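Notebook open, aromatic rings on the list for today. I want to see who pairs with whom and where those rings sit.

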Amino acid sequence: MDNTSLTTAETARELAIRSVDLMAGGERAEFDEVIHPDATNREAKAEPPAARGRGPAAYYATALWLRAAYADLHHTIEAAVVDGDLAVLHTTMHGRHVGPFVAYGEDGQVDQVFPPTGKTFAVTQSHWLRIAEGKIIEHWANRDDLGQAVQLGWVPPTPAYLVRMARAKRKAQRENGTR
């Protein structure tokens, strides 16, 4: 590997890590520096409608959605690999569930709401990021959603938690002007 390839790979690695770090605490303007105007997030299908678009604003909407549910949100980078225009991060995502986690259906309507439990979690994830013109243009991930749900007390749900979920869903639907 020549020095140019090494520099390019290191730049891609740093860009990928920065994009994940921004989800936890980046300001809107920082997303413009890292996210391509035409970027797409393949994981946005269960996210709020504002996160389903393209570009920095959609990625920032994802960040706000995650931050509304989780405090102390951060990723530990376990490994980072770059191959051409693709950067892959193996991470552990950490957080504490302090606000309702709202999942959306394909139609953009509130689907499920998990009211805060106050519990912490640490789950592995892999983030796949394609880079174009020096910015992130595509993202997809593999996450341990079941492990996170168990750690947060969502699974198996107690009868009392199911009641809390139903109330939280009605409230989220009212706030989002749905149903």
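Started with the ring cluster: W65, Y70, F101, F114, F121 and W154 are linked into one by ring pairs. Note to self: this is a predicted model. I ran the search over the whole structure and got 7 aromatic pairs.

Looked up W65 with F101 next. I get a tilted pair, with 4.9 Å centre to centre and 40 degrees between the planes. Tilted fits, because the label covers whatever is neither under 30 degrees (stacked) nor over 60 (edge-to-face). What does this pair tie together? W65 is in helix α3 (residues 56–69) and F101 in strand β4 (residues 101–104), so the contact joins parts 36 residues apart in sequence. I also checked burial, and both W65 and F101 come out buried.

Moved on to Y70 and F121. Their rings pair edge-to-face, at 5.0 Å centre to centre and with 65 degrees between the planes. Here I have two strands: Y70 belongs to β2 (residues 70–83) and F121 to β6 (residues 120–132), so this pair ties together parts 51 residues apart in sequence.

Buried or exposed, Y70? I find 3% relative accessibility for Y70, so I log Y70 as buried. F121 has a relative accessible area of 4%, so F121 goes down as buried too. The cut-off I used for buried is under 20%.

Last entry, a charge over a ring. I found R42 lying over the face of W140, at 4.0 Å from the ring centre.

Technical notes:
Residues numbered from 1 in each chain as written. Predicted model: local features only at pLDDT ≥ 70, side-chain atom pairs only at ≥ 80, totals over all residues. Heavy atoms only, no water. Phe/Tyr/Trp six-rings, centres within 6.5 Å; stacked < 30°, edge-to-face > 60°. Helix = DSSP H or I, 4+ residues; strand = E, 2+ residues; numbered from the N terminus. Buried < 20%, exposed > 50% of the residue type's maximum accessible area, 1.4 Å probe, protein only. Lys NZ or Arg CZ within 6 Å of the ring centre and 35° of its normal.
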